[in-house]
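This report describes one structure in plain terms, for a reader who has not met it before. It begins with enclosed space and then turns to open pockets, sheets and the relation between the chains.

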2 protein chains.
Amino acid sequence: MTAAILTIGDELLNGQVVNGNAAWIGERLTAYGVTVERSVVVGDDQPAITWALTELLQAAEVVICTGGLGPTHDDLTREALAHALGRPLSRREELLGPLQDYYSGRGRETPRGAEVMADVPEGFEPIENPVGVAPGLWFSGELEGRGERMIAALPGVPHEMRVLMDEAVLPRLIERQGEAAAVQTTLLTAGLGESAVVERLGDLGPWLSDNLRLAILPKYGEVRLRVTALGASNGEARRRLSAFLDYARQQLGDLVVGEGKTDLAAALGQLLRDRGLTIAVAESCTGGGVGAALTSVPGSSDYFLGGHIVYSNQSKVSVLGVDSGVLRAHGAVSEPVAVAMAEGAREALGADLAVSTTGVAGPGGGTPTSPVGTVWIACADAHGHRAVRLQLGGDRLTINRLSVTAALDLVRRRVLRG
Amino acid sequence: MTAAILTIGDELLNGQVVNGNAAWIGERLTAYGVTVERSVVVGDDQPAITWALTELLQAAEVVICTGGLGPTHDDLTREALAHALGRPLSRREELLGPLQDYYSGRGRETPRGAEVMADVPEGFEPIENPVGVAPGLWFSGELEGRGERMIAALPGVPHEMRVLMDEAVLPRLIERQGEAAAVQTTLLTAGLGESAVVERLGDLGPWLSDNLRLAILPKYGEVRLRVTALGASNGEARRRLSAFLDYARQQLGDLVVGEGKTDLAAALGQLLRDRGLTIAVAESCTGGGVGAALTSVPGSSDYFLGGHIVYSNQSKVSVLGVDSGVLRAHGAVSEPVAVAMAEGAREALGADLAVSTTGVAGPGGGTPTSPVGTVWIACADAHGHRAVRLQLGGDRLTINRLSVTAALDLVRRRVLRG
């Protein structure tokens with residue numbers, strides 16, 4: 001099945017807004033086995049929208065468009081659909097009640113002109129919008145000279161578009177592909193890069209098909225595997241998904257941090273909470289980034305006590321009790337200093353665990369023994385400590401982000417094995 | 001002048017990559033007074049690229065396309081241009097030398113097939129690429145049935161595209177608009193939101209015109225004003241720009257953090273370095289974010305000593321010496337605690353200045369006196385302290401980011417006034 005995406009709005013043309021909707025829709029369609037042929041952006045201009053619809057209906061079986069469904073004078077998608085398909089608009093009286101309810105439920109008068117949102121081109125059906133006011137529109141049928149076509153018109157507000165896409169549009173497309181159901185999940189891994197993760201997965205040939213698709217999405221040391229399974233029934237799709245997940249988890253072992261909507265900091269937080277452990281940080285090169293990541297998780301005060309940012313050598317000694325002789329002998333970017341930092345923070349805050357970072361984020365500050373990108377991380381707990389040397393590539397921001405991921409992952413592994 | 005944007009690449013259609021190039025080009029063209037009419041994405045597919053070129057040359061006077069200029073079999077832009085315009089490709093021998101030099105300069109053999117990058121459609125001129133291997137292509141002239149048209153084909157790698165756009169394409173467009181020169185700069189402000197900044201600017205009517213454009217770009221408490229001035233000469237454009245900048249600086253006073261490529265942390269860092277001051281942080285709700293922002297700046301070890309992340313009440317007392325009676329009486333999110341944290345960190349690290357944050361980032365943890373979004377920030381120095389209460393909206397991430405900006409800005413103002 002082929003598709004085209006039409007995103008509508010002046011703000012997308014003049015660069016005020018980056019076109020996240022088109023990327024999201026493209027990714028979703030691809031995951032469900034639909035090939036995206038074209039993607040077009042036009043402004044709030046009826047002839048331009050009509051041109052785009054006409055061209056895209058020529059090029060693809062499905063056209064997904066977003067934006068221009070609101071009540072204001074620059075919301076022109078309904079008129080353009082009617083015009084491009086030569087089908088008149090008619091007002092659906094049954095949609096007026098829900099429109100008024102939407103506004104009165106928010107203590108507002110129904111704005112003048114809002115009733116245009118009840119106008120639907122002939123042959124289209126409205127798609128209920130459970131998270132906003134403007135209904136979506138759906139068409140499926142024969143178009144003269146073009147064959148069988150499907151059209152979805154969705155609101156431009158990203159979270160409304162996503163809900164309507166997931167709940168109304170994708171199920172209809174899957175059904176049309178001859179499958180009744182699709183299920184999707186994400187496995188989050190940390191500790192290895194994209195290509196190493198793929199290698200660990202082994203031969204995927206027997207697994208991947210039109211009914212089971214895998215996307216690999218790397219980001220600063222976390223690698224997400226998004227898996228989509230289709231099936232003739234929900235049960236079949238679920239069985240297909242779960243067989244693959246079992247295989248992937250076996251291959252990947254403790255690289256797997258979690259499944260579904262999670263990130264490394266949240267998964268580590270859950271692990272710490274489950275085991276009743278507290279944590280502290282001692283940060284040099286990351287400058288507070290590990291603490292910021294840990295506290296990005298709601299409720300992190302249950303396990304995160306705090307920590308020390310010891311950017312200067314002086315502060316490593318005075319705040320964390322790092323031995324100044326060790327610092328002189330080994331340099332700040334060294335295993336003994338990383339370990340002393342973690343142990344110092346653990347003691348100072350009375351935490352079960354502490355993690356430390358010390359490295360050269362660049363662009364300056366490299367030495368022959370510790371070039372830019374050298375980072376030591378260490379984790380200390382009641383049983384002892386573990387330290388790891390990283391040699392990272394990229395700019396200052398990248399080195400910092402990768403260091404934060406590696407530090408969180410070091411703790412995760414330590415807790416899992418403890 | 002009207003323009004259309006064509007971005008080429010399968011990765012843009014399937015959502016692997018969000019289309020930042022189209023947004024950047026759209027923003028740039030708009031700033032220079034060019035209206036973007038359409039933006040199209042097609043995959044690495046010759047007929048699709050040809051279709052898009054044909055349609056877009058109908059719709060707009062200028063077509064900017066990116067991607068598909070490399071040496072591999074899926075780089076098809078040259079062929080598509082030749083096809084769409086009915087102009088044969090011919091190899092420009094004078095481009096072969098620079099291609100070989102590019103690879104040999106990197107110690108590599110010239111890859112097989114690289115010579116296709118020297119193929120240029122008739123009537124086009126190559127645009128030298130100072131930051132990559134594939135040259136861009138430029139056309140300006142009469143196209144049968146369409147009138148005067150301009151076409152730029154640029155590499156898809158964002159930083160290459162940007163350099164060629166700024167150095168070769170925009171100057172040609174400006175010249176075509178009857179102006180010889182354009183100059184652009186950005187004023188960075190902090191401390192007030194977008195609408196308050198606009199209000200402080202006063203009546204812009206006498207200033208703005210086709211020759212002087214202003215874009216307002218807000219992000220987490222920083223507001224950037226991007227100003228573009230055109231003129232018949234570079235001198236005229238510069239005079240126009242500088243007259244407006246003088247006016248804007250006078251209206252905005254100490255809201256202005258800096259000009260050009262800077263951010264608040266870098267501007268504050270420069271200020272601290274200039275005055276020979278050192279700084280420490282004491283973070284509760286921001287969890288390390290202020291430290292991470294300060295250390296995002298290369299060379300920040302010159303003035304940033306470190307700090308304390310005191311997430312638990314216990315750590316506020318044990319690490320920073322906050323009086324536990326004060327903590328009990330006023331609560332952790334209070335002026336006296338924020339001040340005691342800043343003073344404690346300043347003393348512990350022997351810094352000239354320290355800044356603290358304590359607040360409720362949510363979603364839980366709000367109380368009637370300190371609802372979610374309440375944040376106290378304080379700055380302490382040798383002369384005393386200053387504390388500010390913020391009441392912020394948004395989710396946890398937004399509240400944290402806004403708090404970091406406010407904390408850095410509080411220090412900036414204190415240093416400026418000290």
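The model is predicted, and it holds 1 cavity of 30 Å³ or more. The space in this largest cavity comes to about 140 Å³. It is lined by 17 residues, and those closest to its centre are Asn19(A), Ala22(A), Val41(A), Asn19(B) and Val41(B). Both chains contribute: helix 2 (20-31) and strand 2 (35-42) of chain A, and helix 1 (10-13), helix 2 and strand 2 (35-42) of chain B, each supply at least two lining residues. Strand 2 of chain A gives the most, with 3 residues. The lining of the cavity has 13 nonpolar and 4 polar residues, and no charged ones.

Open pockets come next. The table sets out the two largest.

| Pocket | Volume | Nonpolar lining residues | Polar lining residues | Charged lining residues |
|---|---|---|---|---|
| Largest pocket | about 1,900 Å³ | 17 | 12 | 12 |
| Second largest pocket | about 1,400 Å³ | 14 | 11 | 12 |

The largest pocket has a volume of about 1,900 Å³. Of its 41 lining residues, Leu397(A), Arg401(A), Ala292(B), Leu397(B) and Arg401(B) are the closest to its centre. Strand 11 (222-231), helix 9 (264-275), helix 10 (289-294) and helix 14 (396-417) of chain A each give at least two residues to this lining, and so do strand 11 (222-231), helix 9 (264-275), helix 10 (289-294) and helix 14 (396-417) of chain B.

The second largest pocket is lined by 37 residues, and Trp24(B), Glu27(B), Arg28(B), Leu217(B) and Arg226(B) lie nearest its centre. Two or more lining residues come from each of helix 2 (20-31), helix 6 (158-176), strand 9 (181-190), strand 10 (212-219) and strand 11 of chain B.

Some of these elements also belong to a sheet in chain B. In that chain, 4 strands form an open antiparallel sheet in the order 10-11-9-12. Strand 10 and strand 12 (256-259) of chain B each have a single partner strand, so one side of each is left without a neighbour in the sheet. Neighbouring strands here are turned by 20° against each other on average, direction ignored. Strand 10 and strand 11 of chain B pair over 8 bridges in the antiparallel sense, and Arg213(B) stands opposite Thr228(B) in strand 11 of chain B. Helix 2 of chain B lies across strand 9, strand 10 and strand 11 of chain B, at about 55° to strand 11 of chain B.

Another open sheet draws on both chains. Its 12 strands have the order 6(A)-7(A)-8(A)-3(A)-1(A)-2(A)-2(B)-1(B)-3(B)-8(B)-7(B)-6(B), with mixed pairing. Strand 6 (125-127) of chain A and strand 6 (125-127) of chain B stand at the edges with a single partner strand each, so one side of each has no neighbour in the sheet. The average turn between neighbouring strands of this sheet is 15°, direction ignored. At one edge, strand 6 of chain A pairs with strand 7 (residues 136-143) of chain A in the antiparallel sense over 3 bridges, and Glu125(A) stands opposite Trp138(A) in strand 7 of chain A. Helix 6 (residues 158-176) of chain A lies across strand 3 (62-66), strand 6, strand 7 and strand 8 (147-154) of chain A, running at about 165° to strand 8 of chain A.

How are the two chains related? A rotation of 180° with 0.3 Å of shift along its axis superposes chain A on chain B, with an RMSD of 0.3 Å. That is the relation of a two-fold axis. The same surface serves both copies, as 98% of the contact residues of chain A recur in chain B.

Notes: Residues numbered from 1 in each chain as written. Chains lettered and ligands numbered in written order. Predicted model: local features only at pLDDT ≥ 70, side-chain atom pairs only at ≥ 80, totals over all residues. Heavy atoms only, no water. 1 Å grid on protein atoms, 1.4 Å probe; cavity = no way out; pocket = protein on both sides within 12 Å on 5 of 7 lines; lining within 4 Å. Points joined across faces, edges and corners; volume = space filled by probe spheres on them. Nonpolar A, V, L, I, M, F, W, Y, C, P; charged D, E, K, R; others polar. Least-squares fit on C-alpha atoms with pLDDT ≥ 70 in both. Contact = heavy atoms within 4.5 Å. Pairing = 2+ DSSP bridges. Axes fitted to C-alpha atoms, helices over the stretch in contact; angles between N-to-C directions.
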